[in-house]
Amino acid sequence: MSSSLPIADQRAVGRAALRLLAADRPSVAAMVGLNALAAIAALGGPFLLGRVIDTVTTGGGVDDVDRLALGVLGCAIAQMLLSRYALAIAYRFGERTAARIREGYLRRALGLPASVIERVPAGDLAARGTTDIDAVATTLRDILPNILVGLVQMIFIIAAVLVVNPLLGGVGVLGLSGIWFVTRWYLKRARNAYLAEGAANSRLADELAATTEGARTVEAFGLRQRRLDAGHAAIAETRRTRMATLALRSVFFPLVETSYAVPAVLVLLLGGLLYLDGQVSLGTVGAAVLYLRQLVGPLDTLLIWIENLQSSSASFARVEGLAAIPVPPPAATEAPRDDRIEIKGVRYAYEKGRDVLHDVTLTVRPGERLAIVGLSGAGKSTLGRLIAGVDRPGAGSVTAGGVPIADLPPDQLRRQVVLVTQEHHVFRETLRDNLMVAAPDDELRRALATVGADWADDLDRDLGEHPLDGAQAQQLALARVVLADPHTVILDEATALLDPTAARTAERALAAVLHERTVIAIAHRLMTAHDADEVAVMRDGRITELGSHDSLVAANGEYAALWRSWHGSDLNLA
């Protein structure tokens, strides 16, 4: 899997947009219908004004002019009321559709495999779920209704000017051709420019998130200047991409504004000649010019929103990119027949062609305590992730009770195996919500008591306003394990980041949690291996030794050397 999230192509974006429109057909039909009626009402004004001109030039009476003026006023009021009601429907449609996009994005993001989430930049996922979705929501609420209105009005106005006089109408429409070429030039360049701007926004968000989350590390190791340089580089790239889109707009809009005058000028020149020749009336020329000037409003709106549509289309492509991530294979349909874990001929690579595990074979019996030891980079944590079902082996199999662990449905998987690492996420919610199990309060309190969380007397305590320290966060994570009640717990140095006092407290809690469970401990402290039923020694992605502590020490091999080094100097193998 690539370290960056994919971007949907234009076809996929188009299909997604059509699905959103189809999901709310009545509103879309109402928008189009009301806007069509408003456009028809708007056509009456220029036509009646043309009649007013002809009435005056032919010596008509005041009463005739007044009736025509009342007709113009009636058309304007009808257009205003119809447009207002259509806009109200459009706004409600936009908010409902934006909600569907947000819900769909959240559902897709939560459905992504943990291995994907861990490898993509956090800033990219966050930017797509916030900035990009906001841009799409704005489009649906503001831009899409205006584009529909503009399109309907343009169609009816062009039809009207052609009906008034086909020759004048044809010349006027021909005068719009310059706008067509300018718009094509712009659209060919805009999408890629806005995608580049979105990628720069994601990089900036990622740099800011990494720097703020690692503020203590930055301070401890004097990395301030390095992080400033990285931030400035991301800001410079963001500025460059935004200036690139601004440059496109700076060419596009002046050319379009200049092109608006061309149709009216051509019709006035030709219409004047035809009027002098007696082929058309002055009112006809006036109506044609008014229609073409009326065309400027929806055309201007349409082109302005088209520019915004390029930005939101790029954002929509990034939001829909999550749908392009390969869906995991179908979940297993059968339940594991027992709690036996078997690893057979497993190979795994984070990058294609560079295996980090090589032909690993291992059996973990129910109730057994297995320690996996070795120097950093030996492949211990990778093997733990495969056993936990976080990753899927590239070759070979990892099964629980004969069923591939990675194929188990999420709810069943975590009843089988739970991975406990050094990192524990605490949500900005209440303690009850953080336990993430719909269980009676008594059961939640028992789980917290099991891990020694004597501080957890109030289940409604807001952990956003009252954050936990490292030991308390560890106890919360272990309480979740108790509530999940898996048969196998994988410990990837779960207490390594705690201070000695907190670590002793956490280890006592661990002892309570691990009672009568299968335990796979990825150990840097070899005392964990000393107490295990079996020890697997890993080096360069292979299991080089397997046996009990005593038998491996007696064999005087790699484990014995590690044990003598650790026991003699009381050092951790980190």
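# Strands and helices, worked through

Tyr348 stands opposite Leu357 in strand S2. That pair is our way in. Before going on, note that this is a predicted model, where local features need pLDDT of at least 70 and side-chain atom pairs count only at pLDDT 80 or more, while totals for chains, interfaces and linings use all residues. Residues are numbered from 1 along each chain as its sequence is written, and side-chain values use heavy atoms, with hydrogens and water left out.

**Exercise A: the first hairpin**

Work out how S1 and S2 run and how many bridges join them.

*Solution.* Start with the labels: helices (H or I, at least four residues) and strands (E, at least two) are DSSP runs, numbered from the N terminus. Two strands pair if DSSP finds at least two bridges between them. Now find S1 at residues 341-351 and S2 at residues 354-364: they run antiparallel, with seven bridges joining them. Finally, look at the turn. The hairpin has two residues between its strands, and Gly353 takes a positive phi near 85°.

**Exercise B: the sheet around that hairpin**

Find the strand order of the sheet that holds S1 and S2, and say which strands stand at its edges.

*Solution.* A reminder first: strands of a sheet pair through backbone hydrogen bonds, either parallel or antiparallel. Here the open sheet has four strands in the order S2-S1-S4-S5, and the pairing is antiparallel. S2 and S5 (403-404) stand at the edges with a single partner strand each, so one side of each has no neighbour in the sheet. Next, follow S1 across to S4 (residues 395-400): five bridges hold this antiparallel pair, and Ile343 has Val398 in S4 as its bridge partner. Last, add the helix. H11 packs on this sheet and touches S1, S2 and S4 (contact means heavy atoms within 4.5 Å). The direction of H11 makes about 120° with that of S1; such angles run from 0 to 180 degrees between N-to-C directions, and axes are lines fitted to C-alpha atoms, for helices over the stretch in contact.

**Exercise C: the six-stranded sheet**

Trace the open sheet of six strands and describe its pairing.

*Solution.* Walk along the order S6-S7-S8-S3-S9-S10; the pairing is mixed. S6 (417-420) and S10 (542-547) are the edge strands, each with a single partner, so each has one side left without a neighbour in the sheet. On average, neighbouring strands are turned by 15° against each other, direction ignored. To see the mix, compare two pairs:

- S3 (residues 369-373) and S9 (residues 534-539) run parallel over four bridges, and Ala371 partners Val535.
- S9 and S10 run antiparallel, joined by five bridges, and Arg539 stands opposite Arg542 in S10.

S9 and S10 also form a hairpin with two residues between them, where Asp540 has a positive phi of about 55°. As for helices, H15 lies across S6 and S7, running at about 175° to S6.

**Exercise D: helix pairs**

Compare how H14 packs with H15 and how H6 packs with H9.

*Solution.* Use two yardsticks. By angle, under 35 degrees counts as roughly parallel, over 145 as roughly antiparallel, 65 to 115 as roughly perpendicular and the rest as oblique. By hand, a crossing is left-handed if the near helix is turned anticlockwise from the far one by less than a right angle, and right-handed if clockwise.

H14 (residues 441-450) and H15 (residues 470-484) have axes 8 Å apart and an angle of about 125°, so they are oblique to each other. H14 passes H15 in a right-handed crossing. The contact includes Leu444 and Ala447 of H14, and Val482 of H15.

H6 (residues 166-174) and H9 (residues 224-276) have axes that come within 8 Å and cross at roughly 155°, which means H6 is roughly antiparallel to H9. The crossing of H6 past H9 is right-handed. Leu167, Leu168, Val171 and Gly172 of H6 meet residues of H9, among them Pro263 and Leu274. By class, that contact has eight nonpolar, two polar and no charged residues (Ala, Val, Leu, Ile, Met, Phe, Trp, Tyr, Cys and Pro count as nonpolar, Asp, Glu, Lys and Arg as charged, the others, Gly among them, as polar).

**Exercise E: confidence**

Find the mean pLDDT of the protein.

*Solution.* pLDDT is the predictor's confidence in each residue, from 0 to 100. The mean is 81, and 91% of the residues reach 70 or more. Over residues 569-574, though, the pLDDT is below 50. Where pLDDT is low, the predicted coordinates should not be read in detail.
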